[in-house]
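User: Hey, I've got a model open and I'd like some help finding my way around. Can I throw a few quick questions at you?

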Number of protein chains: 2
Amino acid sequence: MLTIGKLGEAAGVKVPTIRYYEQIGLLPEPERSAGNQRLYGDSALDRLAFIRHARELGFPLDAIRDLLSLSDEPDQSCAAADVIAKKQLTAVKARIARLTALKAELERMIAQCAQGTVADCRVIEVLSDHSHCAQDHRTSGAAE
Amino acid sequence: MLTIGKLGEAAGVKVPTIRYYEQIGLLPEPERSAGNQRLYGDSALDRLAFIRHARELGFPLDAIRDLLSLSDEPDQSCAAADVIAKKQLTAVKARIARLTALKAELERMIAQCAQGTVADCRVIEVLSDHSHCAQDHRTSGAAE
DNA sequence: CTTGAAGCTATAGCTACTAGAGACCTTACA
DNA sequence: TGTAAGGTCTCTAGTAGCTATAGCTTCAAG
C-alpha cells in the first residue's frame, strides 16, 4: 500500500494533482488509514500512470475519462479508443508543423537582432509585421 | 479610426480578447467615440499584431509585456529582447522533440490497436506502461 | 516521546481567455 | 426620418488544469 506521496513519486505526478484527479472523478476514492490518510494499491498506480502519459500525449482530461471508461468496461469495441487516438495524432502532427515554423521564425529573429539598441533590433519589428508570417501562421487556433 | 471589431479582424484577435488585453494593461486605453465606443489608430493595430504574433510564437503575456516595454523605450539595449527570444527558442525546440516522440507513440498505439474489443487493444496498456515511454518522456514539465 | 516531514480539508489563485446578460450605439435602407 | 439589424458597452462568471496557502492532524525515525 502506497501513501499519496509515494504514489505521486512512482507515477511522476504531484500530490495536489492526485487529489484533484480524485475530486473530478478520474481516480476512485481510495482506502484510508486509521488516521484518514489515503492508501493506494497497484491498480491506482497503473491508472495514474495511464493518466499521466495520456496527459503528456496531449489528451484532454475528458478524452482520458473516455479512455478510462473503455478500460473499465473491456467488452466494448476498441473502435472508440482508436478514434480518440487518431484524433490526437492529427492534433499532434499539426502542433509539430506549427512549432517547426515558429522555430524558424525565432531563429531568424535572433539572427537579425544585432547587439545594439532596441532601435536597431528587429525582434519587435519582425513580430509586428504580418508579411513576415510563416505560411501556417494563420491556420491555427488549435488545442494549445 | 478603427472600431474594436475592425481592429480585431485586422489583427486576427477576437474582440473580447482585445478588451482583456486593455484590462490587463497590454494595450493602452483608446479614444472613445461620442457614444463611448473604442476607436483605434494604426499604432494600436501594430501593437496588437505584435502581441498576437508573440502569443503564437509561444511567448507568455509577461514576456510580451517586457518586450513591449523595451519597444516603448527604444534606447535600451537589445540584449534583453534577445534573451527572451532565445529562451523561447529553447522551449520551442524541447516541445518539438517531445511531440515528435509522442507522435511515434501514438502511431504505434494505433497500429497495435486491432479492431477487436478493448481487451485486445493495446492503447491503454501502452499508455499505462512506463517501459514503453520514449526517451525524453521524463524530462518534461515545460511550459505547455 | 518528541520532532519534523508528510498528510488532511478547504479555499483561493493562476493563465489566457470565452461566454452570457442586458443595455446602448451606429449604420444602411425604405 | 424611422427602424431594424448588428456591433459595442460593462459586468460577472465560467473554462481547463492545475498550484498555493492556511491551519490542522498523523506518522515514522531517533
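User: How far is a phosphate oxygen of DNA strand D from an N or O atom in the side chain of Thr17(A)?

Analyst: Keep in mind that this is a predicted model. In it, the distance from the Thr17(A) side chain to that phosphate oxygen is 3.0 Å.

User: What about Thr3(B) and Leu61(A), how far are they from a phosphate oxygen of strand D?

Analyst: For Thr3(B), a side-chain N or O atom sits 2.8 Å from a phosphate oxygen of DNA strand D. With Leu61(A), a polar backbone atom is 3.4 Å from a phosphate oxygen of that strand.

User: Which elements give two or more residues to the surface near strand D?

Analyst: Those are helix H2 (15-23) of chain A and H1 of chain B. The largest share, 3 residues, is from H2(A).

User: And which residues come nearest to strand D?

Analyst: There are 18 residues around DNA strand D, and the nearest are Tyr21(A), Thr3(B), Gly5(B), Arg19(B) and Arg38(B). By class, this surface has 5 nonpolar, 8 polar and 5 charged residues.

User: Ok, now strand C. Which residues are closest there?

Analyst: Strand C is surrounded by 18 residues, with Gly5(A), Arg19(A), Arg38(A), Tyr21(B) and Arg55(B) closest. Of the strand C atoms that come within 4 Å of the protein, 90% are sugar and phosphate.

User: How far are Arg19(A) and Arg38(A) from a phosphate oxygen of strand C?

Analyst: Arg19(A) has a side-chain N or O atom 2.4 Å from a phosphate oxygen of DNA strand C. Arg38(A) uses its backbone: an N or O atom there lies 2.7 Å from a phosphate oxygen of the strand.

User: Switching topic: at what angle do H1 and H2 of chain B cross?

Analyst: Their axes cross at roughly 100° and come within 9 Å. Angles from 65 to 115 degrees count as roughly perpendicular, so that's how H1(B) is placed relative to H2(B).

User: Which residues make that contact?

Analyst: H1(B) brings Ile4(B), Gly5(B), Leu7(B) and Gly8(B), while H2(B) brings Val15(B), Ile18(B) and Arg19(B). By class that's 4 nonpolar, 2 polar and 1 charged residues.

User: Last one: how many salt bridges are there over all chains?

Analyst: The count is 9. One salt bridge joins the side chains of Lys86(A) and Asp82(A), at 3.0 Å from N to O. Both residues lie in helix H5 (residues 79-112) of chain A, 4 residues apart, which is about one turn of the helix.

How values were computed
Residues numbered from 1 in each chain as written. Chains lettered and ligands numbered in written order. Predicted model: local features only at pLDDT ≥ 70, side-chain atom pairs only at ≥ 80, totals over all residues. Heavy atoms only, no water. Near = heavy atom within 4 Å. Polar contact = N/O pair within 3.5 Å; in protein donor to acceptor, adjacent residues only side chain to side chain. Axes fitted to C-alpha atoms, helices over the stretch in contact; angles between N-to-C directions. Parallel < 35°, antiparallel > 145°, perpendicular 65-115°, else oblique. Contact = heavy atoms within 4.5 Å. Nonpolar A, V, L, I, M, F, W, Y, C, P; charged D, E, K, R; others polar. Salt bridge = Lys/Arg side-chain N within 4 Å of Asp/Glu carboxyl O.
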